[in-house]
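Here is a brief report on how two chains are arranged and what lies inside them. Please look over the sequence and the structure first.

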There are 2 protein chains.
Amino acid sequence: MKHPFDEAVALQSNGEHRFVGATAPAYANMVGPFGGVTAATALGAVLQHPALLGEPVALTVNYATALADGPFDVTARPARTNRSTQHWVVEIVQAGETVLTATALTAARRETWGVDELAAPDMPTPEAVGKPNMAAAVEWVKRYDIRITEGAIPTAWDGSGDASRSTLWMRDEPARALDFCSLAAMADVFYPRVWLRRATRVPAGTVSMTVYFHAGSGQLAEVGTGWLLGQAQAQAFRNGFFDQTAQVWSEAGQLLATTHQVVYYKE
Amino acid sequence: MKHPFDEAVALQSNGEHRFVGATAPAYANMVGPFGGVTAATALGAVLQHPALLGEPVALTVNYATALADGPFDVTARPARTNRSTQHWVVEIVQAGETVLTATALTAARRETWGVDELAAPDMPTPEAVGKPNMAAAVEWVKRYDIRITEGAIPTAWDGSGDASRSTLWMRDEPARALDFCSLAAMADVFYPRVWLRRATRVPAGTVSMTVYFHAGSGQLAEVGTGWLLGQAQAQAFRNGFFDQTAQVWSEAGQLLATTHQVVYYKE
């Protein structure tokens, strides 16, 4: 049986640069699907394009509106192919209207000097946390085992918040070997920072997200079905939008991806 | 007389969604123009499009190749216009080939609760630093007054580096009132973090940059020709690419923009 994530991001080829997919009830959010899965779908179109060069380095997705439940069209076009890098322009369309725009950079990476400057934070093991502890108010949250060790969703909405940082363990539920698409999706599991900072539940939704992939497919294969460590924090909240900067490490402490997003909020 | 920055980002309308511009020798980099000015040019096409809604919230530019000195074509297309947000797809083309892809989000922002979570670092005043101190090996550096207070370009390339953070004051030279385009350009003034981390000068160039604008035009007008405070740091260097996360505050301490980029490096 296919993993629900593979079903959710599945695309059928539909001519040159074109694919068709459909939203998956297993990853439903309050309105439309979990944005992480939509980002993964956009990246997936690039990764299964016959002209692909290399592996993902950067992905930016812009959520132009909530996807409607049902089918959608994806176009993924290599705008420029260099000797070792390739630039992609992606669009998702429903009923003739753009619902997502994206760009991606792929590259044939070469071994070089390297270092992880940002070390993973110290935290209790997933086993010490014991059980998933992110409330599953929406369906997609059940598709992850998320164990928050700092900055849980407030239990009292009393306006008492004073910081926006969350630290957590995460993996697919059921387990699934990590790949670029699932890593892109997990970059978006952090609930809206404005809820934590204000201890106030206001409407909020990601409008743009960027993921930088530091790991290659070899490192992802080493992680396999292991735990990922994530940390996310806002830098500024102002007039309807806040940003969030986040990191995703392997349990062994390798920085696999860094990610940023800007999120709309009300009030 | 026009400020050199205004000359560099000037565009002529060339039909629906189309503009023409040209590279400016005043902002020349080692190869092609300073990437910050190219990002500002892409944003400028959006801002002078007759269908524009609101002000910039997010901008992502992908440098597909170095621009050649000379003219270029810009297309800026509103892919989706909602009630209060608008999504843009931008491309710069030279001799029929894509040299830059970009997306942008603009929005009519409303006053809401807000807070700057990330405070500006303490540092000596620009006057205490005294004079510009970023070596002007290339022309564009002379178009800024940059006063680095932490993490200067190494003077000895001896492989001794151990951190990648730089903190600095900056403003246009000569002075120019801040606007969205010049803020986008200044998001890219930080020299390659790999030079600092390794105290080794290797070839390096930005391949993708994202800017989140926290300030509206009112806040930018308040800054006027004042100093901006910038801080940048890498998170990971691996197999030919590193990332950089940076913040830009006003001298009064307001977080105006946060920005991220991924940079190619050799060896």
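The report below takes up symmetry, the interface, the core and one helix.

## Symmetry

This is a predicted model. A turn of 180° with a shift of 0.0 Å along the axis lays chain B on chain A, at an RMSD of 0.0 Å. The two chains are therefore related by a two-fold axis. Both copies use the same surface: 100% of the contact residues of chain B recur in chain A.

## Interface

Chain B puts 53 residues in contact with 53 residues of chain A. On the chain B side, 18 of them are nonpolar, 23 are polar and twelve are charged.

Strands also pair across the chains. Strand β7 of chain A (residues 115-116) and strand β12 of chain B (residues 236-238) run antiparallel and are joined by two bridges. Within β12(B), A236(B) is the bridge partner of D116(A).

## Nonpolar core

The largest nonpolar core has 162 residues. L183(A), A184(A), L183(B) and A184(B) touch the most other members.

Take A184(A). Beyond its neighbours within four places in sequence, A184(A) contacts G36(A), A39(A), A40(A), L43(A), L59(A) and V211(A).

## Helix α2 of chain A

Helix α2(A) spans residues 35-47, 13 residues in total. From first C-alpha to last, the helix reaches 18 Å, close to the 18 Å expected at 1.5 Å a residue.

The helix is mostly covered, with twelve of its 13 residues buried. Among the buried residues are G36(A), A39(A), A40(A) and L43(A). Those four are also contacts of A184(A).

Methods. Residues are numbered from 1 along each chain as its sequence is written. Chains are lettered from A and ligands numbered from 1 in the order in which they are written. This is a predicted model: local features need pLDDT of at least 70, side-chain atom pairs count only at pLDDT 80 or more; totals for chains, interfaces and linings use all residues. A nonpolar core is a set of buried Ala, Val, Leu, Ile, Met, Phe, Trp, Tyr and Cys residues joined through C-beta atoms within 7 Å. A residue is buried if 20 or more other C-beta atoms lie within 10 Å of its own, exposed if 12 or fewer, and partly exposed in between; C-beta atoms are placed from the backbone. Two residues are in contact if their C-beta atoms, placed from the backbone, lie within 7 Å. Ala, Val, Leu, Ile, Met, Phe, Trp, Tyr, Cys and Pro count as nonpolar, Asp, Glu, Lys and Arg as charged, and the others, Gly among them, as polar. Two strands pair if DSSP finds at least two bridges between them. Helices (H or I, at least four residues) and strands (E, at least two) are DSSP runs, numbered from the N terminus. Copies are superposed by least squares on the C-alpha atoms of residues with pLDDT of at least 70 in both. The expected span of a helix is 1.5 Å times one less than its number of residues.
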